[in-house]
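Grab a pencil and open the viewer. Below are a few exercises, each with a solution worked out step by step.

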Amino acid sequence: MTDMLIGPARTAAADRHAADPAAVDPERAGEIDETLVCTGVAQVTHDVRSFTLAPTESRSFAFEAGQYVTVRVDVDGVPLERCYSISSPPSRTGSIEITVKRVLGGPVSTWLHDQVGPGSRLHVAGPYGRFTRAGRSGKELWLSAGSGITPMMAMARELRDRGTGADVVLVHNARTPRDILFRRELEAPPPGLEVAAVCERDADDEAWHSYRGLLTLPMLTAIAPDLLERDVLLCGPPAYMAAVRELLAVAGVDPGRCREERFELGAGAGETPDDGDVPPPSDVRLHSIELRRSGRTITCDAATTILEATASAGVRVPSSCHEGLCGTCKSDLLSGSVDMQHQGGIRPREIREGKILLCCSTPTDDLVIDA
């Protein structure tokens with residue numbers, strides 16, 4: 001996705017809101033960028049919990065099933081952000097639910113599991129993302145593994161709440177029967193949703209008698225014989241998604257009918273500057289970037305992201321995914337223009353207001369940024 005910006009531009013609604021902050025900005029209605037209160041915690045499996053989060057004052061949220069929010073926490077004095085899909089359906093607007101797997105060594109998931117209970121407060125922003133059913137009205141195939149089922153769960157719950165006609169096959173992979181998230185709900189799916197669970201092996205206390213092992217093409221075509229007629233939504237661990245991509249390619253599924261969601265962070269997140277960078281060729285045009293709050297002016301060519309340029313110059317900017325996904329590096333562009341290729345980590349309204357994601361923006365002009 002590409003968004004060309006020609007300098008910051010504010011909408012009339014944003015201007016009215018700036019003049020009178022108490023006025024309701026219609027473009028912000030339903031958005032989340034605030035501290036929410038945990039009103040409930042549900043143990044989904046032995047290492048997965050769902051957290052219900054509600055606003056401090058009565059109001060509604062607006063989101064699409066499949067979208068995600070970012071959660072900001074302070075772990076031992078270090079502010080950290082992570083993306084979590086909303087697992088509740090948009091038909092229930094007074095609160096949202098996120099579902100979090102405890103990751104071994106994961107500071108945020110561990111903190112959430114150990115520290116958050118009813119009454120706890122979390123800063124949440126969103127919704128973000130385009131991993132939704134928007135524009136799809138025919139047959140669908142949802143493929144998930146592990147906690148990758150959470151956005152599909154919001155979609156499944158929406159089907160149940162709204163009773164809309166659908167023709168969806170959900171194939172969910174888990175390590176063992178004990179690891180099937182939302183198992184009770186999946187065993188009683190709403191009309192129009194067919195669910196097939198695939199387990200790699202038995203649990204210690206339960207043998208698995210259905211589809212077994214890793215997902216294979218014969219298995220997939222047995223579950224969904226009309227595979228080629230279906231739009232595909234895919235979410236899960238990177239290895240699973242790579243393997244499924246190969247299966248779909250072998251089957252001849254049109255990549256244009258496939259949509260993916262992934263939240264793994266870029267390997268370079270938080271890396272220290274590399275003082276040994278090779279300087280660009282002399283015929284490459286360099287743009288100046290004034291970082292207003294840092295008081296630094298750096299240079300950057302059109303092939304380098306602004307975040308990479310700031311890191312190379314020794315300027316640390318909060319960032320996480322490096323892929324235009326999480327929104328952590330969102331900043332105000334005060335002048336100039338960029339080529340931004342994001343993955344849903346910024347709202348259209350924010351783009352119109354002049355915000356950019358530094359991790360996926362390259363300069364097309366000299367810039368001044370509030371960073």
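**Exercise 1.** Work out in which sense strand 16 and strand 18 pair, and over how many bridges.

Solution. Start with the ranges: strand 16 covers residues 330-335 and strand 18 covers residues 355-357. Strands here are DSSP E runs of at least two residues, helices are H or I runs of at least four, and both are numbered from the N terminus. Two strands pair if DSSP finds at least two bridges between them. This couple has three bridges and is antiparallel. As a landmark, look for S331, which sits opposite I356 in strand 18. Now turn to strand 20 (residues 367-370): three bridges tie strand 16 to it, again running antiparallel. There, L333 has I369 as its bridge partner.

Before you go on, a word on the source: this is a predicted model, in which local features need pLDDT of at least 70 and side-chain atom pairs count only at pLDDT 80 or more, while totals for chains, interfaces and linings use all residues. Residues are numbered from 1 along each chain as its sequence is written, and side-chain values use heavy atoms, with hydrogens and water left out.

**Exercise 2.** Find the edge strands of the open sheet with the order 5-4-7-2-3-6, then find the helix that packs on it.

Solution. First, the sheet has six strands with antiparallel pairing. Its edges are strand 5 (78-85) and strand 6 (96-101); each has a single partner strand, so one side of each has no neighbour in the sheet. From one strand to the next, the twist averages 40° (axes are lines fitted to C-alpha atoms, for helices over the stretch in contact, with angles from 0 to 180 degrees between N-to-C directions). Next, check strand 4 against strand 5: they are antiparallel over eight bridges, and V75 has V78 in strand 5 as its bridge partner. Finally, helix 2 (residues 107-115) packs on the sheet and touches strand 3 (48-55), strand 4, strand 5, strand 6 and strand 7, at about 85° to strand 5. Contact means heavy atoms within 4.5 Å.

**Exercise 3.** Why does the pair formed by the rings of Y68 and Y128 count as tilted?

Solution. Rings of Phe, Tyr and Trp (its six-membered ring) pair if their centres lie within 6.5 Å; planes under 30 degrees apart are stacked, over 60 edge-to-face, and the rest tilted. Here the centres are 5.9 Å apart and the planes stand at 45°, so the pair is tilted. Then place the two residues: Y68 is in strand 4 (residues 68-75) and Y128 in strand 7 (residues 121-128), 60 residues apart. Last, check the cover, where buried means under 20% relative accessible area, exposed over 50%, and partly exposed in between (1.4 Å probe, protein chains only). Y68 is buried at 0%, and Y128 is buried too, at 5%.

**Exercise 4.** Describe the sheet with the order 11-10-9-8-12-13 and the helices on it.

Solution. Begin with the pairing: this open sheet of six strands is parallel. At its edges are strand 11 (211-212) and strand 13 (258-261). Strand 12 (residues 231-235) pairs with strand 13 over four bridges, with C235 opposite E261. Helix 6 (residues 238-251) packs on the sheet, its direction making about 160° with that of strand 12. Helix 3 (residues 150-162) lies across strands including strand 8 (139-145), running at about 140° to strand 8. Count its cover: 10 of the 13 residues of helix 3 are buried, among them M152 and L159. Right after helix 3 comes G163, with a positive phi near 60°.
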